[in-house]
Amino acid sequence: MKICIINGSPKAGKSTSGLLIGYLMPFIKGNEIITYNVCKMDFSQIQFSPIQSSDVLIFAFPLYIDSINSALLRFLIELQKRGFKNKNINVYCIINNGFYEGRQNHIAASIMQNWCKAAGLAYGQTLGIGAGEMLPFFKDIPLGHGPNKSIGIAIQKLCQNILSLNQGEDLFISPDWPRFLWKIQASLCFWYPRAKKNGLKIKKLKMFVTNCT
Amino acid sequence: MNILIHDLSNEQFQPLFPRIDKDTCIISDTGTIRHCTGCFGCWIKTPGKCVLKDEYNNMGKILSKAEKVTIISKCFYGCYSPFVKNVLDRSIPWMLPFFKIKNNETHHKRRYKNNIQLAVHFYGENTTEEEKETAGKLVKANCINFYVKNYEISFSKSLEELCGKVSAI
């Protein structure tokens with residue numbers, strides 16, 4: 001089976017979408033897999049051809065302002081315009097968002113469902129994962145264990161559907177980690193250290209921009 | 001200040017809106033906008049301002065002066081057009097990186113305290129009922145994240161139809 005994975009993160013380097021694609025790989029090995037990164041694509045026909053003739057398309061991307069980021073949206077429009085050689089392509093999505101609740105990915109999942117309909121493809125399933133920025137901190141914890149317990153179970157379910165070309169109900173999950181702790185850690189372990197690295201004091205993060213040039 | 005974000009070409013825009021209030025700030029597609037790269041520089045490097053060097057790097061500040069924001073966008077799959085979505089993606093400096101709980105969901109705290117009134121006018125000949133439903137949910141979710149209390153949304157098959165629905169800008 002030919003599987004094309006589209007990393008829809010606008011980040012050229014490491015990304016949570018890339019991490020989630022990595023989690024997927026062991027479950028779908030043995031298939032012909034091609035991976036693309038939307039932000040590195042030049043929209044040439046050479047790059048589009050394998051996508052147009054694949055059996056399965058998997059989109060992994062972050063949630064931007066409740067939906068799909070503009071780079072991926074441009075790519076989807078272009079892909080629909082070019083059409084597909086294989087009319088029986090199944091589409092699956094893994095969406096991660098910065099908020100705690102994976103449920104907040106449901107609108108992006110609907111947009112992907114609408115895109116499938118417009119493009120004449122079969123919508124398989126979406127896995128929406130919350131607290132995406134926290135996932136790299138747990139990357140050394142095996143899937144299905146501790147904070148990665150629900151993610152492991154959900155990825156396994158998604159992969160079963162991918163391999164059998166089945167459709168499934170969308171899955172929305174959050175890491176197995178208390179929300180109040182995640183909220184505190186987001187400031188203390190994520191935003192403050194990064195700002196400090198840039199030479200900024202904490203109160204500077206909340207400043208207003210007064211110059212509009 | 002009123003803000004109009006649209007994806008129309010000059011040829012489409014001029015006849016539809018020949019007179020624009022001088023207090024209206026127009027954000028249109030000059031073909032130079034860069035994609036948000038998710039670097040969070042607007043939160044942790046130059047707080048409130050995007051680090052990308054183009055004419056759209058001060059959306060946070062522009063939105064901070066807004067009383068009313070009008071969006072005119074072609075509807076794609078229940079989402080905005082790529083340009084309009086690009087502008088919104090570049091608008092996160094209006095918010096802070098920190099979180100708060102609203103209606104049992106986490107959302108970003110706001111950097112600025114101005115209350116925005118939002119009007120979104122989608123157009124497109126072939127917008128399906130499912131796409132309209134998705135777009136409705138999207139605008140509602142955007143309103144929660146941008147602390148918008150009052151909003152309106154419309155769908156038009158053509159620009160002529162849309163013109164009659166857009167109130168004074």
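Hi everyone. Let me start with a distance: the centres of domain 1 and domain 2 of chain A, taken over C-alpha atoms, are 29 Å apart. Domain 1 covers residues 2–176 and domain 2 covers 178–213. Please keep in mind that this is a predicted model. The predictor gives the complex an ipTM of 0.95 and a pTM of 0.95.

Let's stay with chain A for a moment. Chain A has 6 helices and 6 strands, and starting at the N terminus they follow the order β-α-β-α-β-α-β-α-β-α-β-α. Its radius of gyration is 18 Å, close to the 17 Å that the globule rule gives for 213 residues, so chain A is as compact as a globular protein of that length. If you like to picture a box, the C-alpha trace spans about 55 × 45 × 25 Å along the principal axes. Of the 213 residues in chain A, 45% are buried. And if you take contacts between residues at least 6 apart in sequence, 78% of those in chain A join residues at least 24 apart.

Now to the inside. Which residues have the most contacts within the largest nonpolar core? They are Leu57(A), Ile58(A) and Met112(A), in a core of 103 residues. Helix α4 of chain A, residues 106–119, gives the most to this core, with 8 residues. Domain 1 and domain 2 of chain A both give residues to the core, so it lies between them.

Let me zoom in on two residues there. Setting aside neighbours within four places in sequence, Met112(A) is in contact with Phe59(A), Val91(A), Cys93(A), Tyr123(A) and Thr126(A). One of those partners, Cys93(A), deserves its own look. Cys93(A) sits in strand β4, residues 90–96, of chain A. Is Cys93(A) buried or exposed? Cys93(A) has 28 other C-beta atoms within 10 Å, and the cut-off for buried is 20 or more, so Cys93(A) is buried. Beyond residues up to four places away in sequence, Cys93(A) touches Phe59(A), Ala109(A), Met112(A) and Thr126(A). Here is a pair to look for on the screen: Cys93(A) and Ile6(A) are 87 residues apart in sequence, and their C-alpha atoms are 9.4 Å apart in space.

Next, the region where the two domain ranges meet. Trp177(A) is found in the loop between β6 (171–173) and α6 of chain A. Trp177(A) has 20 C-beta neighbours inside 10 Å, and 20 or more is what buried requires, so Trp177(A) counts as buried. Leaving out neighbours within four places in sequence, the contacts of Trp177(A) are Pro147(A) and Trp182(A). Measuring tape out on the model: from Trp177(A) to Ile34(A) it is 33 Å, C-alpha to C-alpha, with their positions 143 residues apart in sequence.

Following the chain on, we come to Phe190(A), which lies in helix α6, residues 179–197, of chain A. What is the status of Phe190(A)? Phe190(A) has 18 C-beta neighbours inside 10 Å, so it counts as partly exposed. Apart from neighbours within four places in sequence, Phe190(A) is in contact with Glu133(A) and Gln185(A). The C-alpha atoms of Phe190(A) and Tyr23(A), 167 residues apart along the chain, are separated by 23 Å.

So how do the two chains meet? How many residues of chain A are in contact with chain B? There are 40, and they are in contact with 39 residues of chain B. On the chain A side, the elements that give two or more residues are α3 (70–82), α4 and α6. The residues on that side divide into 23 nonpolar, 9 polar and 8 charged.

Finally, chain B itself. Chain B has 6 helices and 7 strands, running β-α-β-α-α-β-α-β-β-β-α-β-α from the N terminus. The radius of gyration of chain B is 16 Å, close to the 15 Å of the globule rule for 169 residues, so chain B is as compact as a globular protein of that length. Its C-alpha atoms fill a box of roughly 45 × 35 × 25 Å along the principal axes. In chain B, 44% of the 169 residues count as buried. The average pLDDT of chain B is 94, and 98% of its residues score at least 70. As a general caution, where pLDDT is low, the predicted coordinates should not be read in detail.

Thanks for listening!

Methods. Residues are numbered from 1 along each chain as its sequence is written. Chains are lettered from A and ligands numbered from 1 in the order in which they are written. This is a predicted model: local features need pLDDT of at least 70, side-chain atom pairs count only at pLDDT 80 or more; totals for chains, interfaces and linings use all residues. Helices (H or I, at least four residues) and strands (E, at least two) are DSSP runs, numbered from the N terminus. The radius of gyration is taken over C-alpha atoms; the globule rule is 2.2 Å times the number of residues to the power 0.38. A residue is buried if 20 or more other C-beta atoms lie within 10 Å of its own, exposed if 12 or fewer, and partly exposed in between; C-beta atoms are placed from the backbone. A nonpolar core is a set of buried Ala, Val, Leu, Ile, Met, Phe, Trp, Tyr and Cys residues joined through C-beta atoms within 7 Å. Domain bounds come from an automatic or database domain assignment. Two residues are in contact if their C-beta atoms, placed from the backbone, lie within 7 Å. Ala, Val, Leu, Ile, Met, Phe, Trp, Tyr, Cys and Pro count as nonpolar, Asp, Glu, Lys and Arg as charged, and the others, Gly among them, as polar. pLDDT is the predictor's confidence in each residue, from 0 to 100.
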